[in-house]
Amino acid sequence: MNPTPTIISFFGNPGSGKSTLCNSLIGYIAFNSGVSIGQGMTTKSQTFQLGSKIIVDSPGLADPVMRERVAVEIETSLKQNGDYKIIFVVTLDSGRVKVQDLETLNTIIRSIKTPFEYGLIINKVTPRVAEKLKLCPADLQACIKMVEKMPFETLVIKKINDLEDQDNVLIEDSSIKQELLAFFDKIPSRLIRKEQVGKVEVRDYDKKVKEMETKLTELTQQIQRSQQENERLMKNTENMQNQLSREIEVNRENTKQHELHMNNMKLHNDQMMNVLNNNLQEQRALTQQAIARAEEADRKAEEARNRGGGGGGGCTIM
Ligand SMILES: Nc1nc2c(ncn2[C@@H]2O[C@H](COP(=O)(O)OP(=O)(O)OP(=O)(O)O)[C@@H](O)[C@H]2O)c(=O)[nH]1
Ligand SMILES: [Mg+2]
């Protein structure tokens, strides 16, 4: 029995960079890549055996002339009873995922009638937009929310100037290649059986793209409004925090002054207590001296009385 092959399938619209990514994964030019005026460069699904894996490069659905045929190509490529790693490649237009790319994703996602995961590569991103996405991924999230199934993992790849409008070139940057390999490893493969793949339905493709454009504009406006509201709330919170910090500082200063005052009071009280104690001691000493003098006077008076009574004229009064 043949083991189930692992199929790494690349999907995305013309010019998104699928063939270049496939070739870079393989290590040489296995599929033609480049600029093709008027229609996609890749017009048929192509496969390449890489060790135990099969790499599938597909044409894009955005081309209206080839669309019906490409839809059949994609459906067939998904009906190979393999363990699929599905990779969607999209590009940005002024920092937003192109609506056509989103509809292509949805069209293919809808045709797979069994649970699966996919990886999303946002390709050819200008350094400025890449930096913005890092700082504020909300806009990108808004676009991705328009897709009927969220990606398992997303990878943003910066635009490589050396590849611009070139035919049959490879990504040479080793750090990007490493990132790509790690990304492919992370995406789980899922068995997709032939009977679990439906028609890749492209009849209403253009209509759906238009509907999505309207929805996306509304969603973007909503996000902008909630971002403004968030900023307003953040500003309020910041003001309240500043006010609170000022009050804490004032309270701290008041407490310090109060403590100082209490310490002075205590010092003053201690001094007063000392004076009172000294006075008390003096009073006690004076009282004792007075008592001693009174006792001495009593004693002397008693002696005088005793002397007067014993040596007199012997008169006895009856
Ligand atoms: N600047 C830049 N150009 C790129 C990059 N990746 C691919 N390209 C160029 O984009 C053009 C289209 O690339 P392909 O790999 O042929 O795109 P594709 O998705 O296979 O296109 P189709 O076969 O028409 O569906 C080629 O000229 C590539 O050299 C990138 O990261 N940066
Ligand atoms: Mg191609």
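Strands here are DSSP runs of E of at least two residues, and helices are runs of H or I of at least four, numbered from the N terminus. All views show a predicted model.

**Figure 1. Strand β6 and Lys 124.** Strand β6 covers residues 118–125, and Lys 124 is placed within it. The phi angle of Lys 124 is near 55°, a positive value in a residue other than glycine. Lys 124 counts as partly exposed, because its relative accessibility is 39% and that class lies between the 20% and 50% limits.

**Figure 2. The loop between β7 and α6, with Asn 168.** Strand β7 (153–158) and helix α6 (174–186) are joined by the loop that holds Asn 168. Although Asn 168 is not a glycine, its phi is positive, at about 50°. Its relative accessibility of 32% makes Asn 168 partly exposed.

**Figure 3. Surroundings of Lys 18 in helix α1.** Helix α1 takes in residues 18–26, Lys 18 among them. With a relative accessible area of 6%, Lys 18 is buried, since the limit for that class is under 20%. Neighbours within four places in sequence set aside, the contacts of Lys 18 include Phe 10, Phe 11, Gly 12 and Asn 13. Asp 57, Ser 58, Pro 59, Gly 60 and Val 89 are also in contact with Lys 18. Phe 31 is 13 residues from Lys 18 along the chain, and 9.7 Å separate the C-alpha atoms of the two.

**Figure 4. Domain 1 and domain 2.** The domain assignment gives domain 1 as residues 6–203 and domain 2 as residues 204–281. The centres of the two domains, taken over C-alpha atoms, are 49 Å apart. Contacts between them involve 21 residues of domain 1 and 13 residues of domain 2.

**Figure 5. The chain as context for the close-up views.** Seven helices and eight strands make up the secondary structure elements of the chain. The radius of gyration is 48 Å, well over the 20 Å that the globule rule gives for 318 residues, so the chain is more spread out than a compact globule. The C-alpha trace spans about 165 × 50 × 40 Å along its principal axes. Buried residues amount to 34% of the 318 in the chain. Of the contacts with a separation of 6 or more, 78% are between residues 24 or more positions apart. The exposed area of the chain is about 20400 Å², with 52% of it supplied by carbon and sulfur atoms. The chain has 43 positive and 43 negative charges, and the mean positions of the two sets are 3 Å apart.

Conventions
Residues are numbered from 1 along each chain as its sequence is written. Chains are lettered from A and ligands numbered from 1 in the order in which they are written. This is a predicted model: local features need pLDDT of at least 70, side-chain atom pairs count only at pLDDT 80 or more; totals for chains, interfaces and linings use all residues. Side-chain values use heavy atoms; hydrogens and water are left out. The radius of gyration is taken over C-alpha atoms; the globule rule is 2.2 Å times the number of residues to the power 0.38. Buried means under 20% relative accessible area, exposed over 50%, partly exposed in between (1.4 Å probe, protein chains only). Contact means heavy atoms within 4.5 Å. Accessible areas come from the Shrake-Rupley method with a 1.4 Å probe; for residues, only the protein chains shown count as cover. Lys and Arg count as positive and Asp and Glu as negative; His and the chain ends are not counted. The place of a charge is taken as NZ of Lys, CZ of Arg, CG of Asp or CD of Glu. Domain bounds come from an automatic or database domain assignment.
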